[in-house]
Every structure is written in structure tokens, then in C-alpha cells.
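Biologist: I have the sequence and the model open side by side, and I would love a close look at one part of it. Could you start at the loop that catches your eye and walk me through whatever surrounds it?

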Amino acid sequence: MSDVVIVGGGPAGLTAALFAQKNGLEATVLDTDGTWLHKAHLFNYPGIGSVDGSVYLETLRGQVDSFGVDRLQGAEATDVEQTDQGFRVDTDDDAVEGRYLVLATGAKRDLAEALGCAFDGDVVDVDVTMETSVDGAYATGAMVRAEEWQAVISAGDGAAAALNILSEEKGEHYHDFDVPSDADAVFGGMADEE
Ligand SMILES: Cc1cc2nc3c(=O)[nH]c(=O)nc-3n(C[C@H](O)[C@H](O)[C@H](O)COP(=O)(O)OP(=O)(O)OC[C@H]3O[C@@H](n4cnc5c(N)ncnc54)[C@H](O)[C@@H]3O)c2cc1C
């Protein structure tokens with residue numbers, strides 16, 4: 001039983017995992033590696049001048065791995081349903097359970113449909129925290145947008161979903177704020193020397 005099960009390991013899913021795990025929740029990511037990043041070169045990701053999409057993905061995977069995210073690479077979610085404890089996500093030979101669910105499958109909306117999430121036309125209907133009509137289930141990226149299909153927007157969606165889950169858990173608005181002394185504590189003052 002994980003705290004947050006995330007289906008999809010592109011910018012949206014991995015950012016949701018990063019924010020959740022970094023702040024004390026156990027995150028599990030199922031991913032089939034069909035991310036559009038493998039076709040992209042990013043010149044429009046703020047703070048990064050120019051990076052090949054697959055290179056960016058490897059950095060992001062390393063970042064979530066370093067926080068201890070359970071990344072099930074190659075695991076395809078075939079179905080999802082609500083349970084008494086939260087959600088069960090089926091794969092061909094196994095199942096993963098979590099108290100919260102984040103759908104981050106790019107433009108693929110089949111799991112949201114299977115779960116019974118409300119749609120607004122062709123897209124999954126979410127509020128500003130990316131929560132769907134199903135309590136505790138979030139949707140991100142292209143499945144919630146007819147346009148605005150960009151890596152940074154997906155990453156923002158994933159962050160918003162995770163922060164809202166953290167707020168739910170802690171019972172108050174949660175902000176993932178770090179300060180320079182946090183970097184000193186982690187890197188022993190090396191962070192500023194680069
Ligand atoms: C040719 C091209 C060029 C692009 N150029 C840019 C650009 O310059 N700048 C920019 O910002 N964006 C660009 N994009 C768009 C960008 O790649 C996407 O916006 C971004 O990857 C979306 O992130 P995401 O996490 O929402 O979805 P994705 O990155 O698509 O990730 C979804 C992941 O979910 C996995 N998945 C799907 N279904 C399942 C399932 N059932 N079980 C398990 N895993 C599943 C997929 O395999 C995939 O890995 C480009 C896209 C293309 C195609």
C-alpha cells in the first residue's frame with residue numbers, strides 16, 4: 001500500500017512523485033516509457049536553456065530516485081478502481097494500491113474514464129488543484145487540456161496535485177519551501193561552490 005500511486009512517468013507524473021516523496025509520502029510510479037519527451041527538444045523549459053527531452057527525463061528520473069520514489073518502469077496500468085482504502089491499479093500480473101491516485105498518462109484518458117471521472121467535453125474535468133470529480137483522484141497534463149500541451153505545464157500540474165494531497169494529509173495549506181541552509185545541510189556547503 002503506497003500513499004500515492006501515480007500512473008505515467010513523464011514530467012507530470014515524476015513531478016507529482018518528487019513533491020510527494022520529498023515531503024514524507026510514499027510515491028509509486030507505473031510507467032511504460034512512451035513519453036513524448038523522447039520526441040522533444042526543450043528550448044522553452046524555464047531555467048533550462050536547451051536540453052534534449054530524453055536527457056531531461058533521465059535527470060528527472062535520477063532526481064526522484066534519489067528521494068526514494070518506487071519507480072516501476074515498464075509496468076502498464078490496465079485498470080483502476082476505487083477501494084475502501086483508496087485506489088487499486090491493476091497491471092497484467094500484479095496490482096498496486098494507494099490512498100491517492102494521480103493520472104499522468106499524457107493524452108490517454110482511458111483510466112479516467114474507467115474510474116468514472118467527469119469529463120468536460122473531450123477532456124477530464126479537474127479543479128485548480130487538478131482533482132477530478134472522484135475524491136482523491138487527480139488528473140494532469142494533456143488529458144485535462146485541449147491545448148497547452150507543454151512539459152512545464154505538465155510538471156506544474158503534477159506539483160499542484162501533490163501539494164494538494166499534502167495539504168489534505170496535513171490538514172492545512174502546505175508549501176514546499178526550501179531555503180539555502182537546507183542545501184548546505186544536504187550538500188555540506190558544496191551547493192554554492194559550483
Ligand atoms: C514532437 C514533439 C515535440 C515536443 N516539443 C516540446 C517542446 O519543445 N517543449 C515542450 O514543453 N513540450 C514539447 N512537447 C510536448 C511534451 O513532450 C509534453 O507536453 C510532455 O511530455 C507531457 O508530459 P506528461 O507527463 O503530461 O505526459 P507524457 O510525457 O506523455 O508522459 C506520459 C507517460 O505515461 C505513460 N503511460 C501512458 N499510459 C500508461 C499506462 N496505462 N500505464 C503506465 N504508464 C502509462 C506513457 O508511456 C508516458 O511515459 C513535444 C511533444 C512532441 C510529440
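Modeller: Let's begin at Asp33, which sits in the loop between β2 and β3 (41-42). Please keep in mind that this is a predicted model. Asp33 has a positive phi of about 60 degrees, although it is not a glycine. Is Asp33 buried or exposed? Asp33 counts as exposed because it has 11 C-beta neighbours inside 10 Å, and the exposed class covers residues with 12 or fewer.

Step back from that loop into β2 and the picture changes. The strand is mostly covered, with five of its five residues buried. Ala27, Val29 and Asp31 point one way from β2, while Thr28 and Leu30 point the other way, and all are buried. Thr28, which is found in strand β2, is a good residue to follow. Thr28 counts as buried because it has 23 C-beta neighbours inside 10 Å, and the buried class begins at 20. If you want a sense of distance, Thr28 and Ala185 are 157 residues apart in sequence and, C-alpha to C-alpha, 27 Å apart in space.

Now for the strands that pair with β2. With strand β1 (residues 2-7), β2 pairs in the parallel sense over four bridges. Within this pairing, Val5 stands opposite Thr28, and Ile6 has Val29 of β2 as its bridge partner. Strand β5 (residues 70-73) also runs parallel to β2, and four bridges join the two. There, Val29 finds its bridge partner in Arg71. You can therefore trace a path through Val29 on your screen, since Val29 is the β2 partner of Ile6 and is also the partner of Arg71 in β5, while the parallel pairing in each case rests on strands joined by at least two bridges.

β1 deserves a moment of its own. Five of its six residues are buried, so β1 is mostly covered. β1 pairs with strand β8 (residues 95-103) in the parallel sense over five bridges. Val5 has Leu101 as its bridge partner in β8, and Val5 also stands opposite Thr28 in β2.

What links β1 to β2? Together, β1, α1 and β2 make a right-handed β-α-β unit. α1 is mostly covered as well, with eleven of its twelve residues buried. Among the buried residues of α1 are Pro11, Gly13, Leu14, Leu18, Phe19 and Gln21. How far apart should the ends of α1 be? At 1.5 Å a residue, the twelve residues of α1 should span 16 Å, and the end C-alpha atoms are 16 Å apart, which agrees.

These pieces also come together around the ligand. Of the 33 residues around the ligand, Gly8, Gly10, Gly34, Gly106 and Gly141 come nearest. The elements that give two or more residues to this shell are α1 (11-22), β2 (27-31) and α4 (151-170). By type, the residues of the shell divide into 14 nonpolar, 14 polar and five charged. For α4, the same check on span can be made: at 1.5 Å a residue its 20 residues should span 28 Å, and its end C-alpha atoms are 29 Å apart, which agrees. α4 is followed by Gly171, whose phi is positive, near 75 degrees.

As for annotation, an unreviewed UniProt entry lists residues 3-108 as "domain: FAD/NAD(P)-binding". The end C-alpha atoms of residues 3-108 lie 23 Å apart, and the span is 25% helix and 33% strand.

To close, here is a partner for the residue we started with. Met130 has a positive phi of about 75 degrees although it is not a glycine, and Met130 is found in the loop between β10 (123-124) and β11 (137-139). Met130 is buried, with 28 other C-beta atoms within 10 Å, whereas Asp33 counts as exposed with 11 C-beta neighbours inside 10 Å.

Definitions and conventions: Residues are numbered from 1 along each chain as its sequence is written. This is a predicted model: local features need pLDDT of at least 70, side-chain atom pairs count only at pLDDT 80 or more; totals for chains, interfaces and linings use all residues. A residue is near a molecule or strand if its C-beta atom, placed from the backbone, lies within 6 Å of it. Ala, Val, Leu, Ile, Met, Phe, Trp, Tyr, Cys and Pro count as nonpolar, Asp, Glu, Lys and Arg as charged, and the others, Gly among them, as polar. UniProt positions are given in the numbering used here, feature names are shortened, and annotations may be inferred rather than shown by experiment. A crossover is right-handed if, with the strands pointing away from the viewer, the path from the first strand over the helix to the second runs clockwise. The expected span of a helix is 1.5 Å times one less than its number of residues.
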